[in-house]
Amino acid sequence: MCEDHPPALPSNPGRRAALGILGASLVAALGACAAPDGTSAGPAAASGVASWTGRALPSALAAGHRKAELSTVSAAPAALRRPGSKRLRRSFIPDFKLPPAQDGLAPVVTKIDTQHPVVFLTIDDGETRTPEMVRLMTEYDYPASIFLARTFVQSDPAFFKQFEAQGSLVENHTVSHNINMVNQLDYGHQFAEIIGMQDYAQQQYGRRPTLFRPPGGAYSNIMRQAAASAGMRAIITWEAKANAGRMDYQHGKVLRPGDIVLMHFRPEFAADLAAFRAAQLAAGLEVVLLEDFLGAV
């Protein structure tokens, strides 16, 4: 019942009984007006805050509702409230567990085996830097794992702090970006390439990376050993990439839940991001941060 007036009282109740009936009726009326209509699952409903679909609430109740909503938002897990995020991201309980290093070798992750409708965006190198990149990532509110090589970013490392402020994280892509390192370098030199970028990232961004991407994607057991020794939780590769304004897939023709998507900081960044966005929306997938899902923040 959502009328603006209470139901009529019995003709001859006592004063106390009448007030009791009136109070109960008002509570019931407000409860009926506050009942969800079953057609909305907006941010308030998703965060556990009641969705009021009736008439405007009395000022005292409206103030209480706003206070409860703010309390709910502030209590959200920190991983879901990253700096710069425009919204509370959907929360998924991970159904994939990152395996530990075995026999001194870092695990290799190419795709996340998950039933959740999620996809993971990763962006490499850092050679090209434009304000448009920052604007687009802000507009789409995409968190990304950013695999940087020192040789590309050392002239302007602060540029990538803008992506961190949006909710992205900087990860390790070596010092020199030698795409032949897996064949040309021994264990000691590979370790130096990885640990050197670890130290640089710590100095510039205040966090030691937890994930490593080999330049060119090739890896070996020697590289896996060097990565584990340098503190890497996993080597991250991919099966889908946004490249030259289109999507390329190693398997199938669409994005799948759990896909790790490769992009680069290149002049065609806008076209690549548009191709990824079209594929992501068509597949009905949520872009979430890989480190959050893996528990490797």
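Leaving aside neighbours within four places in sequence, which residues is Leu105 in contact with? The close-up views below, taken from a predicted model, begin with this residue.

**View 1. Surroundings of Leu105 in the loop between helix 3 and strand 1.**
Once neighbours within four places in sequence are set aside, the contacts of Leu105 are Asn221, Arg224, Gln225 and Ala228. One of these partners, Ala228, is 123 residues apart from Leu105 in sequence, yet the two C-alpha atoms are 5.8 Å apart in space. The loop that holds Leu105 runs between helix 3 (59-74) and strand 1 (108-109). Leu105 has a relative accessibility of 18% and therefore counts as buried, since the term applies to values under 20%.

**View 2. Backbone conformation at Asp125 in strand 2.**
Asp125 is not a glycine, but its phi is positive, at about 80°. The residue belongs to strand 2, which spans residues 118-125. With a relative accessible area of 8%, Asp125 is buried.

**View 3. Backbone conformation at His177 in the loop between strand 4 and helix 7.**
A positive phi of about 60° is found at His177, although this residue is not a glycine. His177 is placed in the loop that links strand 4 (169-172) to helix 7 (181-184). Its relative accessible area is 17%, so His177 is classed as buried.

Key: Residues numbered from 1 in each chain as written. Predicted model: local features only at pLDDT ≥ 70, side-chain atom pairs only at ≥ 80, totals over all residues. Heavy atoms only, no water. Helix = DSSP H or I, 4+ residues; strand = E, 2+ residues; numbered from the N terminus. Buried < 20%, exposed > 50% of the residue type's maximum accessible area, 1.4 Å probe, protein only. Contact = heavy atoms within 4.5 Å.
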